[in-house]
Amino acid sequence: MTFHSLHYNNEAEIDQAALLCQRTFKSGHTRPLPFRRHQLEQLWRLIDENEDQLCNAVHKDLHKHKNEVVLGELCMSKEEINTALVHLEDWTKDEKTIPALVNRIGTTCIKRKEPKGAALIIAPWNYPVYLAIAPLAGAIAAGCTAVLKPSEVAPHTAQLLSELLSRYLDYSAFIVINGAAQETTRLLKHKWDHIFYTGNSDVAKIIMKAASNNLTSLTLELGGKSPAIIDEDANLALAAKRIMFGKTFNAGQTCVAPDYILVTEKAEAKLIAALKTAALELYGDNPQNSSSYGRIVNNRHFHRLHNLLKFNKSGKIVFGGQVDELDLYIAPTVITNVDRDDKLMENEIFGPLLPIIRVADVDDAIEFINSKHEPLALYVFSNNKKLVKKVLDSTRSGGALVNDTLMHVSESSLPFGGIGNSGMGSYHGKSSFDAFTHVRSVMIKTLTPVSEMVMNMRYAPYTSSKLAIGKLAIEHVPYFKRGFLFRNMKWIALMLVFGLGYKRALA
Ligand code: NAD
């Protein structure tokens, strides 16, 4: 919003950061758990001790209210760090597996949780603190080093993050690089061990191409058109309030904002009235005067959204529609009876415009959703369990939430990520650790002759008896060919043991 000249790093600084990140990782500096723990604690302190500064920076970039920054970014970042601190020992410890029959003698099988290495984290502008800090916490917990590239579109936050991170974290392991496409392209020329990108799917293709040069693994956190299906028998007032909240939080610039509504004509009028009431409750008569309501991030996005309003071919604005270019303000706007092929329905809206599409029934809604790319989120409002199950069974999306919006993202026990066009891989909670971790399978054998007893069958000269022993050791009887007794051997044995014990006790 306010003009800010962000210091962009030059090529030499970018190259140096990438090399330092790789060198530090190879030195093993970031692997010990006390180091990871200390860095995570420092990251937590960074947020805690600079709450006001962070809120001010995000406000300058997005006119976001303090409540939205604290609850939607800072608390969520701190919780991500806290979860990693609580579970660090558990997540990082070796996991023993039970070897197959052929490997049972003299063999130990272990899954080691090893850091992937030097990671590149590329963040977007809409939640400029959380979307930078949360993946970074995962990288630290996993034992990686990382270069973080905040979004230049939120320059105040980007500048502040680079100052704070260099003050709180170990600079040889965690480095912030600032810049736009050119600087990111330079970063992508280097070999990374993992790239974590959050942003739009067009740039994701560029990132993926660059990653393919080094066969680097990727997490892509993208967006999409997340639908909201409203069952006509649902509690429309509450559904409308929760949808309006999801659509106007950060002025609709949220990757999982409900993009459009699918509803039957019968319930439409009631729903519109409820949406209007909800908007009034949240922001009053004139949302431009409400300190709770955000602004569009810049001119480019303002004009993109304004053009959607000006040039949509169908539909009727039932409330909202006011814009103010100088203030980058667009009112919460509901547009009804929008055609399925309208401009509004082409790409993710990513702003406070809410089209309503009329559907004949739930099957029609499902068919429409399935005609488009897989969304990042799917919302269903209904108390009818059968209807909800039907929707979940017959659609695909990154995640789904029944009877609310946005809240599934804040649940750290659930992995968060997309599918198809809405992304690949996931994070949050344990999944953040997993995203930056390589599970290294290790088999440890003893060098004693006893382990050769079964293994002898693999050596030449091959004979038919070795083949028979090998088959017995490797091949199980397939489940579908096992008889009732064989399939339930465990239970039958248990019943026999208890039966005999009971008989003895009676005797
Ligand atoms: P953006 O413009 O800030 O771009 C994201 C990052 O990509 C920035 O760091 C930017 O510098 C870099 N970048 C831009 N152009 C590039 C290029 N040509 N080459 C290399 N790097 C480049 O953010 P955006 O893409 O406008 O973000 C909005 C999108 O992100 C929406 O689609 C939204 O749904 C999605 N999103 C997804 C999530 C999620 O968690 N899944 C979260 C937030 C946003």
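In what order do the 7 strands of the open sheet run? The order is β10-β13-β14-β9-β8-β15-β16, and the pairing is mixed. Here helices (H or I, at least four residues) and strands (E, at least two) are DSSP runs numbered from the N terminus, and two strands pair if DSSP finds at least two bridges between them. The model is a predicted one, in which local features need pLDDT of at least 70 and side-chain atom pairs count only at pLDDT 80 or more, while totals for chains, interfaces and linings use all residues. Residues are numbered from 1 along each chain as its sequence is written, and side-chain values use heavy atoms, with hydrogens and water left out.

The edges of the sheet are a good place to begin. Strands β10 (316-319) and β16 (399-402) are the edge strands, each pairing on one side only. From one strand to the next the twist averages 25°; axes are lines fitted to C-alpha atoms, for helices over the stretch in contact, and angles run from 0 to 180 degrees between N-to-C directions. Strands of a sheet pair through backbone hydrogen bonds, either parallel or antiparallel. Both senses can be found here. Strand β10 and strand β13 (residues 333-336) are antiparallel, with 3 bridges, and Phe 319 faces Val 334 of β13. Strands β8 and β9, by contrast, pair in the parallel sense over 4 bridges, with Ser 226 opposite Pro 258 in β9.

Two helices pack on this sheet. Helix α9 (residues 236-248) touches β8 (226-230), β9 (258-264), β10, β13, β14 (353-359) and β15 (377-381), and its direction makes about 160° with that of β9. Contact means heavy atoms within 4.5 Å. Helix α12 (residues 362-370) touches β8, β9, β14 and β15, at about 150° to the direction of β9. Strand β9 is largely enclosed by the rest of the structure, because 7 of its 7 residues are buried, that is, under 20% relative accessible area, where exposed means over 50% and partly exposed in between (1.4 Å probe, protein chains only). At the β16 edge, Gly 399 is a residue of that strand. Leaving aside neighbours within four places in sequence, Gly 399 is in contact with Leu 376, Ala 377, Leu 378 and Gly 417.

Away from the sheet, helix α16 (residues 464-474) has buried residues at Lys 466, Gly 470 and Ala 473. Seen down the helix axis, the buried residues of α16 fall within an arc of 65°, so they line one face; the arc is that of the directions from the helix axis to the C-beta atoms. Their cover includes α15 (452-455). On the face turned away from the buried side, Ser 464, Leu 467 and Leu 472 are exposed.

Helix α14 (residues 430-435) contains Ser 432, which is buried at a relative accessible area of 2%. The side chain of Ser 432 makes a polar contact with that of Glu 80 at 2.4 Å. Such a contact is a pair of N or O atoms within 3.5 Å; within protein, one must be able to donate a hydrogen and the other to accept it, and residues adjacent in sequence count only if both atoms are side-chain atoms. The backbone nitrogen of His 428 lies 2.7 Å from a polar atom of the Ser 432 side chain.

Finally, the cysteines. A disulfide is taken as a pair of cysteine sulfur atoms within 2.5 Å, and the count comes to 0. Why does Cys 21 form no bond with Cys 144? The sulfur of Cys 144 is the closest cysteine sulfur to that of Cys 21, but at 9.0 Å it is too far for a bond. Cys 21 is buried at 0% relative accessibility, and Cys 109 is buried at 13%.
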